[in-house]
Amino acid sequence: MKIPVDLLLLPQWVVPVETDGALTDYAVVVHDGEILDVLPAADAPVRYDAARTLALPGQVLIPGLVNLHCHAAMSLLRGFADDQPLMAWLHQHIWPAEKKHVSGAFVRDGTLLAAAEMLAGGITTVNDMYFFPQAAGEAFVQAGMRAALGMIVLEFPSAYAVDADDYLAKGLAMRDELKEEPLLSFTFAPHAPYTISDTTFGRISTLAEQLGLPIHTHIHETDDEIRDSIKQYGVRPLERLARLGLLGPNFIGVHAVHLDDAEIELLAQHGCHVAHCPSSNLKLASGIAPAARLGDASVNLGLGTDGAASNNRLDLFAEMRLAALLAKGVSGNATALPAAAALRAATLGGARALNLDSQIGSITPGKRADLVAVDLSATSSQPVFDPVSHLVYVAGRENVSHVWVDGKLKLDNRRLVDLGQNNLNIDDLNARAAYWRAKITA
């Protein structure tokens, strides 16, 4: 007797990620939001009675992409202050604009705009760090996107909180309020070593250990950051965090551009993770992270877009390709960060960093059905010798045809669907973006 299921997907290729390469003419079975089975396509109709069957000729099915570092609401500041070095960008442009305009409404609208962009490009999970994380969480829930919400912490006041204690209190209250939402998880998100005191870092380390949550922070992004740390604390930032007890399997270091060999070994010894954001690092002239050396040392690598104010795209296909090419160019080794490793970083690597790899990051029975179909049928994609290579070096987010999060269809034949309450649509999002642009430039 056939087993009734919700959905039977029949792509030309399946890329599970946990195992190398692509499976040809395999089916993926989805039921109750879970990947129930991966089996030869010819066997699927014999075993399963699907409420819906979707044939995807010329397409490759991959796990949903995981954006390991983003400031989603900053989509409303896309293009606002381009072509500036990091500290001038922050101090003279971004922070003043945020002080004047950021609110719960700003974050809700900006996060919805970002969620729509990410879902349309195959990103099903995002690790977010920004003010008013409860508003962001509500927006992600509305959009039906999986998100790790950062409990942001700074020492200085903002429209959101007055000091580090207030940031932490509000973050923990947000977690308590939203912790039953199945698509949400949480991290501690101290902004950076240059904005956080030793005392606050110590408290975050204790809380993270007690609650079993990741710590997500910018680290070694610029040379200036390192020089200032040596002047103020007598050590480089990573060594300071090591002495404070922050390094471990729950530590996600964002950027990690300027690392020496000893620091790479330190990250490896402690089982830390790195969120590699190549486009943002290039745009802000921060440098190029040593992705190949990190991989050689077995440091788990994920990929992030950073915010749209410093990228300016929330596009993990672009990050995969750029990460792979930069690793080769910098190392002088054409085998550095091959396509399979870049795809793994954009999926299972990010999931592992967020402690979500038992749920997402690969096409494996028992995991949640966060899935993306990528169309390789166009003339510009022919011939297809290796679909994994094509995903990194040929395909772009414009080739994403279908997206599911937790088994729910979010992109149907390149059209966003089910963006939540009040039938929110692209025209609404564009109108909200236009409203904030007028407000910020007034």
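Helix α2 (residues 86–101) contributes six residues to the lining of the largest cavity, the most of any element. The model is predicted. This briefing covers the cavity, the largest pocket, two helix contacts made by α3, and some backbone exceptions.

**Cavity**

- One cavity of 30 Å³ or more turns up in a search of the whole structure.
- The volume of the largest cavity is about 220 Å³.
- Its lining is made up of 20 residues, and those nearest the centre of the cavity are H71, L90, W95, H191 and H218.
- By class, the lining of the largest cavity holds 13 nonpolar, four polar and three charged residues.

**Largest pocket**

- The largest pocket has a volume of about 330 Å³.
- This pocket is lined by 17 residues, with G295, V299, N300, L301 and R344 closest to its centre.
- Three elements each give at least two residues to the pocket lining: α11 (291–296), β13 (300–303) and α13 (339–353).
- Helix α13 gives the most to the lining of the largest pocket, namely six residues.
- The lining of the largest pocket divides into eight nonpolar, four polar and five charged residues.

**Helix α3 against α15**

- Helix α3 (residues 104–120) and helix α15 (residues 426–441) have axes that come within 10 Å of each other and cross at roughly 135 degrees.
- That crossing angle makes α3 oblique to α15, because it falls in neither the parallel, the antiparallel nor the perpendicular range.
- The crossing of α3 with α15 is left-handed.
- On the α3 side the contact involves A105, F106, D109, L112, L113 and A116, and on the α15 side L429, R432, A433, W436 and I440.
- The residues of the contact between α3 and α15 comprise nine nonpolar, no polar and two charged.
- The two charged residues are D109 of α3 and R432 of α15.

**Helix α3 against α4**

- The axes of α3 and helix α4 (residues 133–143) come within 8 Å and cross at roughly 35 degrees.
- Helix α3 passes α4 in a right-handed crossing.
- From α3, the contact takes in G104, V107, R108, T111, L112, A115, M118 and L119.
- From α4, the contact takes in A135, A136, E138, A139, F140, Q142 and A143.
- The contact of α3 with α4 has ten nonpolar, three polar and two charged residues.
- Residue L112 of α3 appears in the contact with α15 and also in the contact with α4.

**Backbone exceptions**

- Most peptide bonds are trans, and most residues other than glycine have a negative phi.
- The peptide bond from N311 to N312 is cis, with omega near 15 degrees.
- Residue N312 sits in the loop between β13 and α12 (316–331).
- Strand β13 (300–303), which precedes that loop, is also one of the elements that line the largest pocket.
- Another cis peptide bond joins Q382 and P383, and its omega is about -10 degrees.
- Residue P383 belongs to the loop between β14 (371–375) and α14 (387–393).
- Residue N355 is not a glycine, yet its phi is positive, at about 60 degrees.
- The loop between α13 and β14 contains N355.
- Helix α13, at one end of that loop, is the element that gives the most to the lining of the largest pocket.

Key
Residues are numbered from 1 along each chain as its sequence is written. This is a predicted model: local features need pLDDT of at least 70, side-chain atom pairs count only at pLDDT 80 or more; totals for chains, interfaces and linings use all residues. Side-chain values use heavy atoms; hydrogens and water are left out. Axes are lines fitted to C-alpha atoms, for helices over the stretch in contact, and angles run from 0 to 180 degrees between N-to-C directions. Helices (H or I, at least four residues) and strands (E, at least two) are DSSP runs, numbered from the N terminus. Angles under 35 degrees count as roughly parallel, over 145 as roughly antiparallel, 65 to 115 as roughly perpendicular and the rest as oblique. A crossing is left-handed if the near helix is turned anticlockwise from the far one by less than a right angle, and right-handed if clockwise. Contact means heavy atoms within 4.5 Å. On a 1 Å grid over the protein atoms alone, a cavity is a set of points where a 1.4 Å probe fits but cannot get out, and a pocket is an open set with protein on both sides within 12 Å along at least five of seven lines; lining residues have an atom within 4 Å of a point. Grid points are joined across faces, edges and corners, and a volume is the space filled by probe spheres set on the points.
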